[in-house]
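Q: Could you take a close look at one part of this protein for me? I would like to understand the helix it sits on and how that helix fits with everything else.

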Amino acid sequence: AVVERFGESSEPALHEQIARALFNKGYSLGELGRSEEALAVYDVVVERFGESPEPTLRERVAGALVNKGNRLGELGRSEEALAAYDAVVKRFGESAEPTLHEQIARALFNKGNRLETLGRSEEALAVYDAVVERFGESPEPTLRARVARALVNKGNRLGVLDRSEEALAVYDAVVERFGESSEPALHEPISRALFNKGNRLGELGRSEEALA
């Protein structure tokens, strides 16, 4: 109804409401398992607002592409999912707009996850490194949490590859970078890093270190 009533409006103030309505419709359709309809709606967001210079609309387009990638991944359409994540970085990767940084980080992080699912470990590691390189010095809590999670995933993947010493070093990096933080969003990845480090040490027979 939002789109039917106001979709032809040229008022910039209404464009954000239309984009929000479409974005939320896509999300709701996905939650209902109506994936093809959800994908079509996300495409509409990109088609309508993909060339907009408005920061709020650019963020909405980036979010639609990330969600499209997530939905495609759940459908097993992995190459299309990777392309959607890449589109976020290609379109917005050079942006200085803080609101877009979280979407870029999400796209990269989710791309790493999808590559892991496909067994493309070296590519996944490179993508997690890209998250850290791009956002490792960010003061934003959401980005700091994303960096910490990327490092944890990198450590886990290194462990799967039997590169245990590298995995341990990555877990240590999480604690060194963020261990003194009081940000609640960081507590979970810090605890995961310590827990997984203990597991890895146990598998290496280094029991006293694991206990510590």
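What follows is a request about one helix and a connected answer that starts there and moves outward.

Q: Which residues does Asn67 of helix α4 touch, and where do Glu74 and Leu72 fit into the picture around helix α4?

A: Happy to walk through this with you. Please keep in mind that the model is predicted.

Let us start with Asn67, which lies in helix α4. With a relative accessible area of 10%, Asn67 is buried, because the cut-off for that label is under 20%. Setting aside residues up to four places away in sequence, the contacts of Asn67 are Phe23, Tyr27, Tyr42 and Arg106.

Further along, helix α4 also holds Leu72. Leu72 counts as buried at 2% relative accessibility. Beyond its neighbours within four places in sequence, Leu72 makes contact with Leu39, Arg77, Glu80 and Ala81. There is also a distance to note here: Leu72 and Leu82 are ten residues apart along the chain, and 8.9 Å separates their C-alpha atoms.

Now for the charged pair in this helix. Glu74 and Arg71 form a salt bridge, and their closest N and O atoms are 3.0 Å apart. Helix α4 covers residues 55-74, and the two partners are three residues apart in it, so about one helical turn separates them. Their surroundings can be told apart by accessibility: Glu74 counts as exposed at 56%, while Arg71 counts as buried at 14%.

A second salt bridge makes a good companion to that one. Glu165 pairs with Arg206, with 2.9 Å between the closest N and O atoms. This pair links distant parts of the chain, since Glu165 belongs to helix α9 (residues 164-178) and Arg206 to the loop between α10 (184-203) and α11 (207-211), 41 residues apart. Glu165 is exposed, its relative accessible area being 52%, whereas Arg206 counts as partly exposed at 26%. Arg206 also meets the side chain of Glu209 in a salt bridge, at 2.8 Å from N to O. Glu209 is partly exposed, with a relative accessible area of 42%. Elsewhere, Glu36, Arg77 and Glu80 are joined into one network by salt bridges that share partners. Two members of that network, Arg77 and Glu80, are among the contacts of Leu72, which brings us back to helix α4. In total, the count comes to 21 salt bridges.

The wider charge picture is easy to add. There are 28 positive and 37 negative side chains, and the centres of the two sets lie 3 Å apart.

Next, the nonpolar interior. The largest nonpolar core has 54 residues, and Phe49, Val88, Phe92, Phe135, Val174 and Phe178 are those with the most contacts inside it. Helix α8 (residues 141-160) gives the largest share of this core, eight residues. Phe49 is a handy residue to click on: not counting residues up to four places away in sequence, it touches His15, Ile18, Ala19, Leu22, Leu57 and Val61. Of these, Leu57 and Val61 fall within the range of helix α4, residues 55-74, so you can trace a path from that core residue to the helix you asked about.

One more local detail may catch your eye. Asp162 sits in the loop between α8 and α9. Its phi is near 65°, a positive value in a residue other than glycine. Asp162 is exposed, with a relative accessible area of 64%.

Finally, here is the whole chain as a frame for these parts. The protein has eleven helices and zero strands, and from the N terminus on its elements run α-α-α-α-α-α-α-α-α-α-α. Along the principal axes, the C-alpha atoms fill a box of roughly 65 × 35 × 30 Å. Of its 212 residues, 48% count as buried. Among contacts with a separation of 6 or more, 59% are between residues 24 or more positions apart. The protein exposes about 11100 Å², and carbon and sulfur atoms supply 50% of that area.

How values were computed:
Residues numbered from 1 in each chain as written. Predicted model: local features only at pLDDT ≥ 70, side-chain atom pairs only at ≥ 80, totals over all residues. Heavy atoms only, no water. Salt bridge = Lys/Arg side-chain N within 4 Å of Asp/Glu carboxyl O. Helix = DSSP H or I, 4+ residues; strand = E, 2+ residues; numbered from the N terminus. Buried < 20%, exposed > 50% of the residue type's maximum accessible area, 1.4 Å probe, protein only. Contact = heavy atoms within 4.5 Å. Areas by Shrake-Rupley, 256 points an atom, 1.4 Å probe, with all protein chains shown as cover. Lys, Arg positive; Asp, Glu negative; His and termini not counted. Charge placed at Lys NZ, Arg CZ, Asp CG, Glu CD. Core = buried A, V, L, I, M, F, W, Y, C linked by side-chain atoms within 4.5 Å.
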